[in-house]
Amino acid sequence: MAGFAAHGEALVFLGCFADLPDHRQHGKVIYPLGEVLLLCLLAVLAGAETFVDIARFGQKKIELLRRFLPFRDGTPSHDHLGDIFATLDATEFQRRFVAWVAKLTGVSADVIAIDGKSSRGSSHKRGGKAAIHMVSAFAARQRLVLGQVKVADKSNEIIAIPALLDMLAIEGAVVTIDAMGCQRDIAQKVLDKEADYILALKGNQGMLRKVAAWDDDFLASLIAA
């Protein structure tokens with residue numbers, strides 16, 4: 001029964017990526033994209049962190065992989081893996097990955113926290129390299145990051161949050177966002193995706209803060225108007 005369950009989960013995963021564009025020349029493809037993606041998934045679940053690790057996993061676990069797909073030509077080398085992933089559209093890949101995670105977690109019943117953070121240690125003052133800033137969607141109950149969007153700086157969170165929401169299946173969820181996301185367009189995006197929102201307010205949004213003390217329904221309509 002465990003084997004059937006694993007095979008079913010593999011089919012769900014591959015189904016989410018079935019229409020991912022593969023820009024390689026069809027006649028030169030040795031390793032089908034579905035096989036490459038499944039190899040990477042299982043290798044990462046087993047602890048692989050680099051293409052070298054994934055390639056080594058493929059060599060050692062080829063019989064396991066062939067329980068799911070043919071892998072007639074074996075598995076690619078680490079260099080070949082890098083070349084294959086370099087041809088993929090990162091945004092399209094992330095969109096499908098997020099959809100797969102949503103299917104696994106049943107995210108629609110949860111609270112989803114959206115927040116922006118700078119990655120510690122990603123800046124380099126001498127080299128003039130700014131810190132990497134990410135906006136993430138975090139499923140509270142599952143304690144799982146559902147999706148991330150990289151932004152140039154904190155001010156661009158207003159642009160990144162709608163892009164992140166577009167990637168998520170949030171129907172029925174409650175989305176929480178800090179004061180940076182207290183924008184009409186963002187509130188409307190959440191409503192359009194059939195979810196609810198809780199948005200933070202700061203002192204520089206004085207009128208909204210005053211209204212919040214008087215009438216919650218009016219506040220909601222004012223933000224979404």
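I take contact to mean heavy atoms within 4.5 Å, and I apply this to a predicted model.

**Ser-136**

I looked up Ser-136 and found its place in strand E2, residues 133–139. Leaving out residues up to four places away in sequence, I noted that Ser-136 touches Ala-113, Ile-114 and Asp-115, and also Val-145, Gly-147, Gln-148 and Leu-164. I then asked whether Ser-136 is buried or exposed. Its relative accessibility is 16%, and because buried means under 20%, I entered Ser-136 as buried.

**Arg-95**

Next I turned to Arg-95, which has its place in helix H6, residues 90–105. With neighbours within four places in sequence left aside, I found Arg-95 in contact with Asp-166 and Met-167. I also checked Arg-95 against Leu-164, and the two are 69 residues apart in sequence while their C-alpha atoms lie 9.1 Å apart in space. For Arg-95 I wrote down a relative accessible area of 32%, so this residue is partly exposed, a class that runs between 20% and 50%.

**Helices H3 and H5**

Last, I examined how helix H3 (residues 51–60) packs with helix H5 (residues 78–86), and I recorded an angle of about 115° with the axes 8 Å apart. I noted the crossing of H3 and H5 as right-handed. On the H3 side the contact is made by Phe-51, Val-52, Ile-54 and Ala-55, and on the H5 side by His-78, Leu-81, Gly-82 and Phe-85. What is the division of the residues in this contact of H3 with H5 into nonpolar, polar and charged? I entered six nonpolar, two polar and no charged.

Note on methods:
Residues are numbered from 1 along each chain as its sequence is written. This is a predicted model: local features need pLDDT of at least 70, side-chain atom pairs count only at pLDDT 80 or more; totals for chains, interfaces and linings use all residues. Side-chain values use heavy atoms; hydrogens and water are left out. Axes are lines fitted to C-alpha atoms, for helices over the stretch in contact, and angles run from 0 to 180 degrees between N-to-C directions. Helices (H or I, at least four residues) and strands (E, at least two) are DSSP runs, numbered from the N terminus. A crossing is left-handed if the near helix is turned anticlockwise from the far one by less than a right angle, and right-handed if clockwise. Ala, Val, Leu, Ile, Met, Phe, Trp, Tyr, Cys and Pro count as nonpolar, Asp, Glu, Lys and Arg as charged, and the others, Gly among them, as polar. Buried means under 20% relative accessible area, exposed over 50%, partly exposed in between (1.4 Å probe, protein chains only).
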